[in-house]
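Take a look at the structure below. We'll go from a cavity to the nonpolar cores and finish at one end of the chain.

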Amino acid sequence: DYPHAAIVTTVRGAGCTLSTHIRYHLSLGFSKMYIYFDDPNEANIISGDPEFENDARVVCVRHNEALKSDWRKQILWAKLSSWAETEVHARQELNAEHAINLCLADE
C-alpha cells in the first residue's frame, strides 16, 4: 500500500474556478479533497457539476450548525472559539482539524 495525501481548503466566492481548482489538485495525486464552504449556499456549485457531483474523492462541507457542533468537540476549539465567527484563519484551522478527523474515520 502507498501513502495517501489529502488537501483541505476553505473557500468563499470560488464560483466557476472551483472545478479547475479541484481538477488541478486531483491531477497532482491527492487522494481526497475536503472543501469547506464558508458560505453555506455555495456548496450547491458542486451539486451541479457532473464531473465531481458523485466523486468520492471530493468531500464538500457546508459552514452550518452541524459543522459548528463538530468544531465544539475538537481540540482547537478551546483556542479558537473566540475568533471562529469573525476570522477566516480560525475557521481554516478548525476545518483542517475537522478534515483530519474525517480522514481518520475513513481508515
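For residue classes, Ala, Val, Leu, Ile, Met, Phe, Trp, Tyr, Cys and Pro count as nonpolar, Asp, Glu, Lys and Arg as charged, and the others, Gly among them, as polar. With that split, the lining of the largest cavity has 5 nonpolar, 3 polar and 3 charged residues. A cavity here is a set of points on a 1 Å grid over the protein atoms alone where a 1.4 Å probe fits but cannot get out, and lining residues have an atom within 4 Å of a point. Among the lining residues are Thr 10, Asp 38, His 63, Trp 71 and Arg 91. At least two lining residues come from each of β2, β3 (58–62), α3 (65–71) and α5 (88–106); helices (H or I, at least four residues) and strands (E, at least two) are DSSP runs, numbered from the N terminus.

This is a predicted model: local features need pLDDT of at least 70, side-chain atom pairs count only at pLDDT 80 or more, and totals for chains, interfaces and linings use all residues. Residues are numbered from 1 along each chain as its sequence is written, and side-chain values use heavy atoms, with hydrogens and water left out.

Now the packing. The largest nonpolar core (buried Ala, Val, Leu, Ile, Met, Phe, Trp, Tyr and Cys residues joined through side-chain atoms within 4.5 Å) has 12 residues, including Ile 7, Leu 26 and Phe 52. Buried means under 20% relative accessible area, exposed over 50%, partly exposed in between (1.4 Å probe, protein chains only).

Ala 5 sits in the segment before β1 (6–11). Ala 5 counts as partly exposed because its relative accessibility is 37%.

Note on methods
1 Å grid on protein atoms, 1.4 Å probe; cavity = no way out; pocket = protein on both sides within 12 Å on 5 of 7 lines; lining within 4 Å.
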